[in-house]
Amino acid sequence: MNISEWLDEKEAEGVDVSQIVLPDDLAYDEVPEETIFFKEINPCGIFCKGNHPFSTVERFGHWYLARGQDRKAGIHSSGMEWRLFTKDRDLAVNAAISHIG
């Protein structure tokens, strides 16, 4: 079973999948079919290993996963992670832009 099928099943069961946490076996075994958007705030440079705020939108079948770390978290901090599963591409992209903007 892939992520798209699993989300479809959960949605059919009446579960709100917008903020659902994927089971570990699904999250690690499947790569997105497409990355639609990615932006990172990294003033340190490419060799910095610290946490940096980012937003991304990835497509799994007909589902979009928008996720990241909110810009308000600041450079090299943890926390303020967010995620949104949706079938609406524009909603996913707008959510990613608003969190990193």
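Here is a chat about a predicted model, covering its largest pocket, one serine and two cysteines.

Biologist: Hi! How much space lies in the largest pocket?
Modeller: About 420 Å³ in this predicted model. The pocket is lined by 25 residues, and those closest to its centre are Leu22, Ala27, Leu65, Arg67 and Arg83.

Biologist: Which helices and strands supply at least two residues of that lining?
Modeller: Those are α2 (24-29), β2 (54-60), β3 (63-69) and β4 (81-86).

Biologist: And how many of the lining residues are nonpolar, polar or charged?
Modeller: The lining has 13 nonpolar residues, along with six polar and six charged ones.

Biologist: Switching topic: where is serine 55, and is it buried or exposed?
Modeller: Serine 55 is in strand β2. Its relative accessibility is 0%, so serine 55 counts as buried.

Biologist: What does its side chain have for polar company?
Modeller: A polar atom of the serine 55 side chain lies 2.8 Å from the backbone oxygen of alanine 96. Leaving aside neighbours within four places in sequence, serine 55 also has contacts that include Phe37, Trp82, His99 and Arg67. You may remember Arg67 from the list of residues closest to the pocket centre.

Biologist: Nice. How many disulfides are there?
Modeller: The count comes to zero.

Biologist: Why is there no bond between cysteine 44 and cysteine 48?
Modeller: Their sulfurs are 3.8 Å apart, which is too far for a bond, because a disulfide needs the two sulfur atoms within 2.5 Å.

Biologist: Are those two cysteines buried, partly exposed or exposed?
Modeller: Cysteine 44 counts as partly exposed, at 41% relative accessibility. Cysteine 48 is partly exposed too, with a relative accessible area of 26%.

Methods:
Residues are numbered from 1 along each chain as its sequence is written. This is a predicted model: local features need pLDDT of at least 70, side-chain atom pairs count only at pLDDT 80 or more; totals for chains, interfaces and linings use all residues. Side-chain values use heavy atoms; hydrogens and water are left out. On a 1 Å grid over the protein atoms alone, a cavity is a set of points where a 1.4 Å probe fits but cannot get out, and a pocket is an open set with protein on both sides within 12 Å along at least five of seven lines; lining residues have an atom within 4 Å of a point. Grid points are joined across faces, edges and corners, and a volume is the space filled by probe spheres set on the points. Helices (H or I, at least four residues) and strands (E, at least two) are DSSP runs, numbered from the N terminus. Ala, Val, Leu, Ile, Met, Phe, Trp, Tyr, Cys and Pro count as nonpolar, Asp, Glu, Lys and Arg as charged, and the others, Gly among them, as polar. Buried means under 20% relative accessible area, exposed over 50%, partly exposed in between (1.4 Å probe, protein chains only). A polar contact is a pair of N or O atoms within 3.5 Å; within protein, one must be able to donate a hydrogen and the other to accept it, and residues adjacent in sequence count only if both atoms are side-chain atoms. Contact means heavy atoms within 4.5 Å.
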